[in-house]
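Take a walk through this fold, from the overall layout down to single residues. Keep the coordinates open as you read.

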Amino acid sequence: MGATGALARSARAWLAEASDAVISVFFPAGCRLCDALLTRASRVPICDRCLDSFEAPPGQKCMVCGQPQPAPFAPEGDQLLCRACREKTYAFERARSYSVYEGALARAIVMLKWERIDPLAAWFAERLAELVGREAQAMAADIVVPVPLHKNRQKERGYNQAGLISKPLARMLRLPHKELLLMRTKPRPDKQILSLEERWESVRGAFATRPGSQVDNRRVLLVDDVMTTGATLDACTRALLDGGAKAVVGLTIARAAKNPLPAPWKGQLRQRDGRKPAKVG
Ligand SMILES: [Zn+2]
Ligand SMILES: [Zn+2]
């Protein structure tokens, strides 16, 4: 059990604390993140100040994967590409995220992992729909697919937090939602913190399209809650492309602020994989 048990325990302790905070404010309930009184009529249990703090300040981003880039940032030709994308790390065509995984937003995302709060998921879906709207052509897709959990994990949790977001998003974009198209065939290691190398290793070949699923020649909008190294989105993309998809674009609520990819090690992985890096852009 080990790390998962500890994680569940700490999450329970955190939730107990959070619900105490809610109970301490009589009615209406307080913001789940800061305790402030919720004064507006909304089913999202987070106050406007916390919601406003979610948005990352504007800055330069990698054209392909959307990774925030420190200024000054030296572009290669006309394209602003991060190091990982200059090395053609990812198989997806591009990825975008609403914001950066830190502060109140990170706490809200953790909350969504342990508690099924549909109104909050729908609020995030709206932000993601706006992102798609901003790059309508590049982010165009035929179907929406969430990054799946392994069936044991899904059973344990009762829902997939990525699906919680992708479902209302598909509705907003008027696209078919294919929750069961992808499956995770290899479970995540039972360990709370994974190193960069372990992250890539643990998702390699861990996803597959379900037999009989229709993905031929389709552009897929792949949705997850957080993009850390991009390894999960990449592994899902490769499974979708193997299944016949034309292209994959990724969308997450948040992404890690920093993403240092160990380049020499990445080269080794490629060789073991026996595949050429996917062409991007
Ligand atoms: Zn708040
Ligand atoms: Zn990039």
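What follows moves from the whole chain to the sheet, then to the helices, and ends with a few individual residues.

The model is predicted. The protein chain holds 10 helices and 6 strands. It has 281 residues, and 38% of them count as buried. Contacts reach far along the sequence. Take those with a separation of 6 or more: 72% of them join residues 24 or more positions apart.

Begin with the sheet. It is open and has 4 strands, in the order E1-E6-E5-E2. The pairing is parallel. Which strands stand at the edges? They are E1, residues 94-100, and E2, residues 143-146. Each has a single partner strand, so one side of each is left without a neighbour in the sheet. On average, neighbouring strands are turned by 20 degrees against each other, direction ignored.

Now follow strand E1. Its partner is E6, residues 247-255, and the two run parallel. They are joined by 6 bridges. Two of the pairs are easy to pick out. Arg96 has Leu251 in E6 as its bridge partner. Val100 has Arg255 in E6 as its bridge partner. Although E1 is an edge strand, E1 is mostly covered, with 6 of its 7 residues buried.

Cross to the other edge, strand E2. Val144 sits in this strand. Is Val144 buried or exposed? Val144 has 28 other C-beta atoms within 10 Å, and a residue needs 20 or more to count as buried. Val144 is therefore buried. Its contacts, leaving aside neighbours within four places in sequence, include Ser166, Leu169, Ala170 and Leu173. Leu221 and Val223 are also among them, and so are Leu175, His177 and Lys178. One further pairing links distant parts of the sequence. Val144 and Glu179 are 35 residues apart in sequence, yet their C-alpha atoms are 8.0 Å apart in space.

Next, the helix over this part of the sheet. Helix H7, residues 161-173, lies across E2, E5 and E6. Strand E5 spans residues 219-227, and H7 runs at about 135 degrees to E5.

H7 also packs with another helix. Two packed helices are described by the angle between their axes and the distance between the axes. The partner here is H5, residues 118-134. The axes of H5 and H7 come within 8 Å and cross at roughly 50 degrees. The two helices are therefore oblique to each other. Their crossing is right-handed. Which residues of H5 meet H7? They are Asp118, Ala121, Ala122, Phe124, Ala125, Glu126, Leu128, Ala129 and Val132. From H7 come Leu164, Ile165, Pro168, Leu169, Met172 and Leu173. By class, this contact has 13 nonpolar residues, no polar ones and 2 charged ones. Leu169 and Leu173 of H7 meet H5, and both are also in contact with Val144.

A second helix pair is worth a look. How do H8 and H9 cross? H8 covers residues 196-203 and H9 covers residues 231-242. Their axes come within 9 Å and cross at roughly 20 degrees. That makes H8 roughly parallel to H9. This crossing is right-handed. On the H8 side, the meeting residues are Arg199, Trp200 and Val203. On the H9 side, they are Ala231, Thr232 and Ala235. By class, the contact has 4 nonpolar, 1 polar and 1 charged residues.

Turn now to the backbone. Most residues other than glycine have a negative phi. Which way does Arg174 go? Arg174 has a positive phi of about 55 degrees although it is not a glycine. Arg174 lies in the loop between H7 and strand E3, residues 182-184. With 6 other C-beta atoms within 10 Å, Arg174 is exposed. Asn217 also has a positive phi, of about 65 degrees, and is not a glycine. Asn217 is in the loop between strand E4, residues 207-209, and E5. Asn217 has 10 C-beta neighbours inside 10 Å and so counts as exposed.

Finish with Lys151, which is found in helix H6, residues 151-157. Lys151 has 12 C-beta neighbours inside 10 Å. The cut-off for exposed is 12 or fewer, so Lys151 counts as exposed. Lys151 and Pro187 are 36 residues apart in sequence. In space, C-alpha to C-alpha, Lys151 and Pro187 are 8.3 Å apart.

Technical notes: Residues numbered from 1 in each chain as written. Chains lettered and ligands numbered in written order. Predicted model: local features only at pLDDT ≥ 70, side-chain atom pairs only at ≥ 80, totals over all residues. Axes fitted to C-alpha atoms, helices over the stretch in contact; angles between N-to-C directions. Parallel < 35°, antiparallel > 145°, perpendicular 65-115°, else oblique. Left-handed = near helix turned anticlockwise from the far one by under 90°. Contact = placed C-beta atoms within 7 Å. Nonpolar A, V, L, I, M, F, W, Y, C, P; charged D, E, K, R; others polar. Pairing = 2+ DSSP bridges.
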